[in-house]
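Trainee: Got a minute to go through a model with me?
Mentor: Sure, put it up.

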Amino acid sequence: MARVPRRPGDRVFAGTATGAGILILVVLAGVAVFLVTEAWPAFTAPPAALPGGTGLAGYVAPLIFGTLVAAVIALVVATPLAVGIALFITHYAPRRLAAALGSVVDLLAAIPSVVYGFWGIAALAPSLVPAYRWAEKHLGVIPLFAGPASTTGRTMLTAGLVLAVMILPIISAITREVFSQVPALHREAALALGATRWETIRLTVLPYGRSGIIGGAMLGLGRALGETLAIAIVLSTSGGITLDLISSSNPSTIAANIALQFPESSGLAVNALIASGLVLFVLTLGVNALARRVVGRRADLSGAT
Amino acid sequence: MSTAIRPAPVIDIPTGTRQLPTRRRLRRSSTAGLYLAGLLAGGALAALSGSGIVLAAGYGAVLGTVAVYVVSRSVEGRRTATDRLVTCVVVAAFGIAMVPLVWLLWTVVSKGARRLDGTFFDSSMLGIVGPGGGGYHAVLGTVVITALAAVISVPIGLLTAIYLVEYGTGRLKAAITFLVDTMTGIPSIVAGLFAYALFAVFFGPGVRLGVAGAVALSVLMIPVVVRSAEEVLKLVPAELREASYALGVPKWRTIVKVVVPTSIAGLGTAVMLALARVVGETAPLLVTVGITNGTNLNPFDGRMATLPVFAYYQLTQPGFPPGFAIDRAWTAALVLIALVMALDLAARLIGRCFAPSTRR
């Protein structure tokens, strides 16, 4: 590129643009600093002064457990579905319809979290009650379905299913992206050997897209961990760590607990909530960084391998 | 792996006097018919046992899949049958994803339509107990806070994108790119806590301000603006910039007069998509702005009402009798969805209508 003489306008503009970039560094550092500042009293306070009276670890542990359970349910349900959707859009749907069908799935991402909560508590939860009764009766031996089955349907499993719907568009968008980049030569080679469509997919698309599936699932996990309002509305909570997915006493999740408790809290309780937010921040940061690394690694993967 | 593939002679190739045997294939209409038959049988089964429409579709899809697989297996063999089985499963996966979408939209529209009247849009909740009342204050509050968030984050986001594409080099660029990626993953509630912590340091604990909500939304909005604006700016051909430099135009004027105007449609889309993402955010506003019954349009003076938080409180703390507040909540949800979809649509229209013409 040609060397252009530096003029005052140039210097000002370059300075502003760089400043904006640096501001982002400052903001992120600020997020960490201010969260730590406001969370600090909770770390140093005597255990009895915190809500629950068992110290910060005792306060946060059930919340972390609840967060992980809900997110894992969401992931287990959403990942296979998202892969199916991505395959449908990239390899099965008619070419002309594919883009339109893709944006229909993306509509799921446009719906606000609070509306998912509304749907979950008013439509999904009541209609799952018979299924929970059935599960309690026939699968009760498994600890996951030990019961007693909730009569409102506001269970951990319902919350996980709502989350699954919410992260579906994220996972399927990334998986779709990777699947559509599979080199045509790989596919054509498989087809030329007489492979059926499924064999072509199994031998070329899935191996090539594996890192995309994993990365997409982890980005979905990051989203699921931080999802707030949908769970705050849908889940009926009463603390305590339990593996029972269909009863009405569930541990809350970190994010939902903040949303529920924060407006009515004051003093040290606020600090404890911010401390739990800090834990969530670190958790999602770790998951997202890992996901980016997995998705990014595919860029180095040449089509020849 | 290699054992899985055997050439399937599907075409007749005349080899002297002998012909290779043709593999028997089901006709397209017969597989579709089989699937449909299974679907109907499933529906009938569900109707007999008195189940809902979703369960009926579920039974039907399973029966249809089984019918196709069994017949295909007996006529066409194992490999083709597996292929057809997977096709059924993949199509079903897409169908399953459509169930919550349609169900959710149907629920919100049918319940929200009850209070979708003039009163909802021209009355606040001041002094309202029971019937009447509306989301006037909440709609305006959402507009004010979202606009303020846009005022904060659009300049920062666009300038950062310009920095990354036009100026950025070395480790600072890598660091900013990494941090923007990281910011994308910040949970919305954590952004709210950050804004609260920031303002609590200056205004004391328990602070609730509209501007704090705008800051929280900005934290969520900036990375979206940066990422999509960056993609758009990268698409501007280097020839355009070089032609401008060749005429002796300074770099900053090249950016302002050539690069930005060329990509203005894409930048508009980027901003609109970012707005659509934050306008429905509830959690950060819940902890920073709170809720109020009256109309407060000054983001520097105390609590404000916003549409998502309004909807949340009307549903979860409806008071007595609960019916009226719950109806208001659903209407607020419907208006919120309409708002998000409108922004989404606007983003696409901007992208399509104002795109630079490629014709000469």
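Trainee: What follows H7(B), and what is the sign of its phi?
Mentor: B:Gly204 follows H7(B), and its phi is positive, near 85°. Bear in mind that this is a predicted model: local features need pLDDT of at least 70, side-chain atom pairs count only at pLDDT 80 or more, and totals for chains, interfaces and linings use all residues. Residues are numbered from 1 along each chain as its sequence is written, with chains lettered from A and ligands numbered from 1 in the order in which they are written.

Trainee: Is H7(B) enclosed or open?
Mentor: 13 of its 16 residues are buried, so H7(B) is largely enclosed by the rest of the structure. Buried means 20 or more other C-beta atoms within 10 Å of a residue's own, with C-beta atoms placed from the backbone.

Trainee: And chain B as a whole, how many helices and strands?
Mentor: Chain B has 14 helices and two strands. Those are DSSP runs, helices (H or I) of at least four residues and strands (E) of at least two, numbered from the N terminus.

Trainee: How much of chain B is buried?
Mentor: 48% of its 360 residues. The C-alpha trace spans about 90 × 75 × 40 Å along its principal axes.

Trainee: New topic. How many residues of chain A are in contact with chain B?
Mentor: 76 residues of chain A, against 83 of chain B. Contact means C-beta atoms, placed from the backbone, within 7 Å.

Trainee: Which helix of chain A gives the largest share of that side?
Mentor: Helix H1 (residues 8-44) of chain A, with 20 residues.

How values were computed: Buried ≥ 20, exposed ≤ 12 C-beta atoms within 10 Å, placed from the backbone. Contact = placed C-beta atoms within 7 Å.
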